[in-house]
Amino acid sequence: MTGTPAPFTADDYQARMERAARTAADAGLAGVLVAPGPDLVWLTGYAPPAATERLTLLVLAAGQDPVLVVPTLEAPDAEKAAGAPALTLRDWTDGKDPYATTAPLLDASGRFGVSDNAWALHLLGLQKALPGTSYVSLTEGLPMLRAVKDAAELERLAAAGEAADATYEEILKVSFAGRRESEVAGDLADLLRRFGHSQVDFTVVGSGPNGANPHHEAGARVIENGDMVVLDFGGLKHGYGSDTSRAVHVGEPSAEERRVHDVVREAQEAAFRAVRPGIACQDVDRVARAHITEAGYGDRFIHRTGHGIGVTTHEPPYMIEGEEQPLVPGMCFSVEPGIYLPGRFGVRIEDIVTVTEDGGRRLNNTSREMAVVH
């Protein structure tokens, strides 16, 4: 395993906030309003101690110093954030109107990008205080805000991918037959933590017919000899995501199971080889889908080919038909085609890929051949 990366600095967070404000202005927005959640952590390094109904809001606008509006009782925690030296704190006390504190920071007739997880309560409060303002979600208004990773972020994503790979190599050594899906899922979670994950987001174990449900949650089904088993697991290490999928087989697979697995593996390889700067996100999806369709399973590939990953395990950009955003060096996303045969089995193969100057690089490097387990 790679060592612990150096922490992000106030300069790193300042650069991100400046880029966000500049990107918003280029998109015709008056600024960006960021509530507690992944965007706030990425921009400032600050995560409030707990979910709260009290307004916390980062205000970013071109030509204006960043301001973080916080409840007075949480200001000491905000002051300790790595990005705090790059912004001004504006606190408000219980019993006072937080929107009256925030309103002077905003263009009274501006249109703002708002982080997706902002509370409706707070957005409505701002609209009441500033009826001339309007708002758009960041996913809609600035979908690529966090999409292009710098070298330090790529280092963390590579470390998370390496830990997920180590988890897969170890899970191949455990017994599958005769155990419940939930038991194997527990093994996956323990292994992710052993290899440095601070947070486990999902451990999908879909055996036999359950594998035909892409988001099956590991349950009480006992895994049997002859089952195909879809494994999909990931979480956060050093604050950045991992996400990988492989399909293994308990005992020797049938000829049909081998064929379906080969089709998915070939589609995944073709989509990966298509990755390069300048092509549209939808083109990655098209390549994978064309291969699976040609093999006769087009109607059994029932989800997008991929999603972005960073400080969350699912974020823009999305590899899906209709997404014309060009790939840019530094983007990171999954490539995960699948085939799902209801009532029988499913196969999905997934790697995280980053766009390089002349192609793509996998951040997951375990074998994509079908593994036979016991």
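## Exercises on a predicted model: sheet and helices

Arg111 in strand β5 stands opposite Ser134 in strand β6. From β5 the chain crosses through helix α5 (residues 120-129) to β6, and this β-α-β crossover is right-handed. The model is a predicted one. Work through the exercises with the structure open.

**Exercise 1.** Find how β5 and β6 pair, and over how many bridges.

*Solution.* Start with β6, residues 134-137. Its pairing with β5 is parallel. The bridges number 4. Now add α5. This helix lies across β1, β2, β5 and β6. It runs at about 155° to β6.

**Exercise 2.** Determine which strands pair with β1, and in which sense.

*Solution.* Take β5 first. β1 covers residues 31-34, and β5 covers residues 111-114. They pair in the parallel sense over 3 bridges. Gly31 has Phe112 of β5 opposite. Next take β2, residues 57-61. β1 and β2 run antiparallel, joined by 3 bridges. Here Val32 has Leu60 in β2 as its bridge partner.

As background, strands of a sheet pair through backbone hydrogen bonds, either parallel or antiparallel.

**Exercise 3.** Put the strands of the sheet in order, and say which stand at the edges.

*Solution.* The sheet is open and has 6 strands. Their order is β4-β3-β2-β1-β5-β6, with mixed pairing. The edges belong to β4 (88-92) and β6. Each has a single partner strand, so one side of each lacks a neighbour in the sheet. From one strand to the next, the twist averages 25°. Helix α1 (residues 10-26) packs on this sheet. α1 touches β1, β2 and β3 (64-71), and its direction makes about 60° with that of β2.

**Exercise 4.** Describe how helices α7 and α8 meet: their angle, their handedness and the residues in contact.

*Solution.* Two packed helices are described by the angle between their axes and the distance between the axes. Locate α7 at residues 151-171 and α8 at residues 181-194. Their axes come within 9 Å and cross at roughly 135°. The two helices are therefore oblique to each other. The crossing of α7 past α8 is right-handed.

Then list the contacts:

- From α7: Ala164, Thr167, Glu170 and Ile171.
- From α8: Val184, Asp187, Leu188, Leu191, Leu192 and Arg194.

Last, sort the residues of this contact by type: 6 are nonpolar, 1 is polar and 3 are charged.

Notes:
Residues numbered from 1 in each chain as written. Predicted model: local features only at pLDDT ≥ 70, side-chain atom pairs only at ≥ 80, totals over all residues. Heavy atoms only, no water. Pairing = 2+ DSSP bridges. Right-handed = clockwise from strand over helix to strand, strands pointing away. Axes fitted to C-alpha atoms, helices over the stretch in contact; angles between N-to-C directions. Parallel < 35°, antiparallel > 145°, perpendicular 65-115°, else oblique. Left-handed = near helix turned anticlockwise from the far one by under 90°. Contact = heavy atoms within 4.5 Å. Nonpolar A, V, L, I, M, F, W, Y, C, P; charged D, E, K, R; others polar.
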